[in-house]
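I opened this entry to keep a record of what I looked up, one topic at a time.

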Amino acid sequence: MTRRQIAAVLAILLGLGVAVSALLGPLVLGVIRFRTSPALEMQFVGGEMISLGLVAPLLVLAGIAWWQGRGVAPVLAIGPALYAVYTYITAVAGQEYDRYPGNVERFFPLYTLLVAGGAALAALATPDIARVPAAALPARLRRALGWLLAGIGAFFALAWIGQVRLVLTGEPTTEYTEGPTLFWLIKVLDLGIVIPALLATGIGLLRGHPSAVRAAIAAGPFAACLGGAVAAMAVAMAFTGDPSAQPAMIAVAVPLALALAMLAARIVVAVQRAFPGGDDPLRARARPPGRAPPAMR
């Protein structure tokens, strides 16, 4: 099999695995029982809503597009692949195993395969995305992405630092007291990896660095998936009458998730226009401005 075919099969299998995980979780069948509090379980339920409704279908579509040799395939795949790595690391390492009942550890093989599959798929997509020229994304889209990614990074950096400060000063939030393991895991992943990546990408886009365009092709869809999970969590908590639900969270998270989704979709469309098809489309030269695109296969 060629690298393209391997990526196609892996994307489809990863999509099916993500769907199976979501179906087995508390959102649908309840076979998987997380070892966390009912309130914190909503964070995983929100993730499952996005996994089942967005991430899994995108991965399957990416696999089909990859098999057909379409240049948009790695763009469709890399955000959901990175989201799978992030989400299923927290599903394993963010539990309170000695505090709450559950059986999540029995599904360790499934989660490990999903993390490994997401990492492998992201690695396969990266060389193709690295060949996308900066001109593939219009200037207005680059600026909008720059401001949004930098703004999100700065907002969550301040929010997470504030929560850490409360813990260190002896005034922890309910989220911390109910699940300190998940609290610290999310903070180290976000403050150590995700937030710096968003800030660097956003600032790079605003300053016109070509490498930031390639980073945005990954960061934009990943942020859209993660933002969708946060919005779904807020909505699920309000719908179930959770006492810790915050209307302000819905008011912020839902529009933010929609904005991220819209910009991620525009990234996909822009790359599709630059590389409309072919056996190895991202090795081809982007069409010059004003020239009609060749017929798609």
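The notes below cover a pocket, one helix and one residue.

**Entry 1, the pocket.** I was working from a predicted model, and I began with the largest pocket, which holds about 1,200 Å³ of space. I found that 43 residues line the largest pocket, and that Q43, W160, V230, M233 and M249 are the ones that lie nearest its centre. Among the elements that give two or more residues to this lining I noted α2 (38-67), α5 (139-168), α8 (210-239) and α9 (247-274), and the largest share, 8 residues, comes from α8. When I sorted the lining by character, I got 29 nonpolar, 10 polar and 4 charged residues.

**Entry 2, helix α2.** I then checked the length of α2, whose 30 residues should span 44 Å at 1.5 Å a residue; I noted that its end C-alpha atoms lie 42 Å apart, which agrees. I also recorded a kink of about 45° in α2, centred on S51, and, just after the helix, a positive phi of about 80° at G69.

**Entry 3, residue A81.** Is A81 buried or exposed? I found A81 in helix α3, and I put it down as buried because its relative accessible area is 0%, with under 20% as the cut-off. Leaving aside neighbours within four places in sequence, I listed L14, L59, G118, L121 and A122 as its contacts. I also looked up A134, which stands 53 residues from A81 along the chain, and the C-alpha atoms of the two are separated by 22 Å.

Terms used:
Residues numbered from 1 in each chain as written. Predicted model: local features only at pLDDT ≥ 70, side-chain atom pairs only at ≥ 80, totals over all residues. Heavy atoms only, no water. 1 Å grid on protein atoms, 1.4 Å probe; cavity = no way out; pocket = protein on both sides within 12 Å on 5 of 7 lines; lining within 4 Å. Points joined across faces, edges and corners; volume = space filled by probe spheres on them. Helix = DSSP H or I, 4+ residues; strand = E, 2+ residues; numbered from the N terminus. Nonpolar A, V, L, I, M, F, W, Y, C, P; charged D, E, K, R; others polar. Buried < 20%, exposed > 50% of the residue type's maximum accessible area, 1.4 Å probe, protein only. Contact = heavy atoms within 4.5 Å. Expected span 1.5 Å × (residues − 1). Bend = angle between axes of the 7 residues up to and from the residue.
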